[in-house]
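This briefing concerns internal spaces and helix packing in a predicted model. It is arranged by topic, beginning with the packing of helices and going on to the open and closed spaces.

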Amino acid sequence: MTIRFALSATLAAFGLTLAAPVAAQQLTLPQEELETVETSDNGGTEVTVTAESWQDLGIAIASFATNADVSTPANAQGTAALGHELARIVYADLRNNGLFRPVGPDALPRPTYPQITAPSWGTWRGRSAEMLVHGYVRANDDGRLTVGCYLYDVVLEDELVREGWVVAPAEWRRAAHKCADLVYSRLSGEDPFFDSRIAYIAETGPKDNRTKRLAIMDSDGANHRFITNGQSTALTPRYSPDYSKIAYLSYSDGNPRIYVYDVDSGRQTLVTQSSNPTFAPRWSPDGRYLLYSMAVAGNTDIYRVPATGGTPIRLTFSPSIEVGGSYSPDGTRIVFESDQSGAQQCYIMNADGSNQRRISFFGGRCATPEWSPRGDQIAFTHIVGDFHIAVMNTNGRNMRTLTNGWQDEAPTWAPNGRIIQFFRSARNSGDSTIWQVDLTGENERRLNTPVGASDPAWGPVLP
Amino acid sequence: MKLNAVMIAATSVLALAACSKKPPEELPPVQETQAPVAATPTPTPPAGPVAGSQEHFARAMAGRDVIFFDTDKYDIDSEDAAALRAQAEYLLQFTNARATVEGHADERGTREYNLALGERRANAAKNYLVSLGVAENRLRTVSYGEERPAATGSNEQAWARNRRAVTVMIR
């Protein structure tokens, strides 16, 4: 089996969409875009790599060089030290996700600035590196940083891809994630995912008096930030597709209600004006609508409301529990859970609520379904006594179990649909942690968080 | 919350004994007590907790402020009905009292489903109280899903104690 890459066309499109100006010095603005300063165009070179081999590629990731070691708010020791840190992040991204056989900058010689575009091939061949990542960082007069990233084939002595970005100093890590994404996408043929964020619930304290706070972090756990102070319980956050808002459940007025939190202003509004409890918020792929579940006189059904407010539309009408919901990437269908058969099972309906039908008919229960960003798979919590993470086709067939914990629940997809994140609760203590597993079921690993963590929600790749 | 946990632990056995001891066949008696007691609000011993307070209610209920459910269920069985009748009698006696019915689930469900399940349980208990004559506007419901366990273990006994609806006086 082989994977082919048509490089130039996709990158040209990529570059165009990214060429937007950046407001400097702004901290973690979700809608902030990186300015792309260069993209490679090496005449549409196609490289064929066998599917088995790309994951085994030895990749050397050397320190990024700098033209002049000057001070920068991004690193107290200057741009040379920053270049080393950038390479370490690229290395950690690839290593922590079990991708390739990377060797990081701590174990490699430091290239000079001119060598970034003219690698010392003999040095890298001698280290049996098949692929080489070089990069540079440059402090601009306006205080921003320009970061370039190059991927070379050491055997062919050829450049495979290059790209560069202008970032505010506070966003310097994003440039490293973009570089890791560039390398990963170029070699695997998959879509990028590193430059993305995760909203989740941070948990502290004993099981019967747990503090649950809304928190956010980068896909690698960096830039961690608590959003709520923990005075009231927060649950089940979901980033809007443009990262400008987070819908989540809070008991701040004593009742469970969905609030839409505006990341920039810090203000939040109720998803809908109702005295009934609302929970399980979900964004439509275009960010224009929110699904929520509302209990009226004890009966929970699914509703849809414009994200800017307005009249809600009821989508389910059964006296049973209908809850949650996840849109197909094209926005035309919704997978949700219902216990109308007597136990939680997964159902699909059109986005207007029509044509509801059950899709899960395997043993056990089907809960918290989440549609893959690629559209062809649905991840869910498979309850068979214990809780496992599983995937199935959108017709409910080809169910595959990916994890075997005691209580693994609430899957969320990486933006490229290749990795699933979920949370795992420990027996008795109830301590929860966030984990990831590849769609193949391999490479299960824990994500480091400052405290206990649950309800992860992975957002899309940042623009 | 702490108090509730202790009360449940101490009295789930008592609740069984109570319902066999006193078969609450007749529903109407509550109507008789309603008016007179409201008219003379201080027949209780002066030293004890204030009538209508949580402490007073919990003491009077002796465990019957909590009812329990089977996995994923929210139906009111005869034991639950006996406890709810005691609650209704109290609420009809102390007409200034208002109550919140909390619905809870065990940890062996997914978070959002458990919120919906807690809603069902709280409303099942509330509806039963209303059917016994308690004015609907005196009762509020809230679901805590699996977020506030009374028993913290991960075993059948703990889960059984957490699948519950708890009636709590407001103020």
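Helix H4 (residues 78-93) of chain B packs against H5(B) at an angle of about 55°, and their axes lie 9 Å apart. That angle makes H4(B) oblique to H5(B), because angles from 35 to 65 degrees fall outside both the roughly parallel and the roughly perpendicular classes. The model is a predicted one, and the points below take up the helix pairs, then the largest pocket, then the cavities.

**Helix packing in chain B**

- H4(B) passes H5(B) in a right-handed crossing, in which the contact is made on the H4(B) side by B:Ala81, B:Leu84, B:Arg85, B:Gln87, B:Ala88 and B:Leu91, and on the H5(B) side by B:Ala125, B:Tyr128 and B:Leu129.
- By class, the residues of the contact of H4(B) with H5(B) comprise seven nonpolar, one polar and one charged.
- Helix H3 (residues 54-61) of chain B also packs with H4(B), here at an angle of about 135° and with the axes 10 Å apart; H3(B) and H4(B) are therefore oblique to each other.
- The crossing of H3(B) and H4(B) is right-handed, and the contact is made by B:His56, B:Phe57, B:Ala60 and B:Met61 of H3(B) together with B:Ala86, B:Gln87 and B:Tyr90 of H4(B).
- The contact of H3(B) with H4(B) divides into five nonpolar and two polar residues, with no charged residue.
- B:Gln87 of H4(B) takes part in the contact with H5(B) and also in the contact with H3(B).

**The largest pocket**

- The largest pocket has a volume of about 890 Å³, and of the 36 residues that line it, A:Pro241, A:Pro373, A:Trp458, A:Gly459 and A:Pro460 are the closest to its centre.
- The elements of chain A that give two or more residues to this lining are helix H1 (7-18), E13, strand E17 (278-283), strand E21 (322-327), E25, E29 and E33, with E33(A) giving the most, namely six residues.
- The lining of the largest pocket divides by class into 21 nonpolar, ten polar and five charged residues.

**Cavities**

- A search of the whole structure finds six cavities of 30 Å³ or more, of which the largest has a volume of about 280 Å³.
- The largest cavity is lined by 20 residues, and those lying nearest its centre are A:Lys207, A:Lys212, A:Gly430, B:Glu107 and B:Glu146; by class, the lining has four nonpolar, six polar and ten charged residues.
- The second largest cavity, with a volume of about 120 Å³, has a lining that includes A:Arg238, A:Arg282, A:Glu370, A:Glu409 and A:Asp455 of chain A, and also B:Arg111 and B:Glu112 of chain B.
- At least two residues of the lining of the second largest cavity come from each of strand E13 (234-239), strand E25 (365-371), strand E29 (408-413) and strand E33 (452-461) of chain A, and from helix H5 (111-131) of chain B.
- E29(A) gives the most to the lining of the second largest cavity, with three residues, and the lining as a whole divides into three nonpolar, two polar and seven charged residues.
- H5(B) thus appears in two settings, since this helix supplies residues to the lining of the second largest cavity and also packs with H4(B).

Terms used. Residues are numbered from 1 along each chain as its sequence is written. Chains are lettered from A and ligands numbered from 1 in the order in which they are written. This is a predicted model: local features need pLDDT of at least 70, side-chain atom pairs count only at pLDDT 80 or more; totals for chains, interfaces and linings use all residues. Side-chain values use heavy atoms; hydrogens and water are left out. On a 1 Å grid over the protein atoms alone, a cavity is a set of points where a 1.4 Å probe fits but cannot get out, and a pocket is an open set with protein on both sides within 12 Å along at least five of seven lines; lining residues have an atom within 4 Å of a point. Grid points are joined across faces, edges and corners, and a volume is the space filled by probe spheres set on the points. Ala, Val, Leu, Ile, Met, Phe, Trp, Tyr, Cys and Pro count as nonpolar, Asp, Glu, Lys and Arg as charged, and the others, Gly among them, as polar. Helices (H or I, at least four residues) and strands (E, at least two) are DSSP runs, numbered from the N terminus. Axes are lines fitted to C-alpha atoms, for helices over the stretch in contact, and angles run from 0 to 180 degrees between N-to-C directions. Angles under 35 degrees count as roughly parallel, over 145 as roughly antiparallel, 65 to 115 as roughly perpendicular and the rest as oblique. A crossing is left-handed if the near helix is turned anticlockwise from the far one by less than a right angle, and right-handed if clockwise. Contact means heavy atoms within 4.5 Å.
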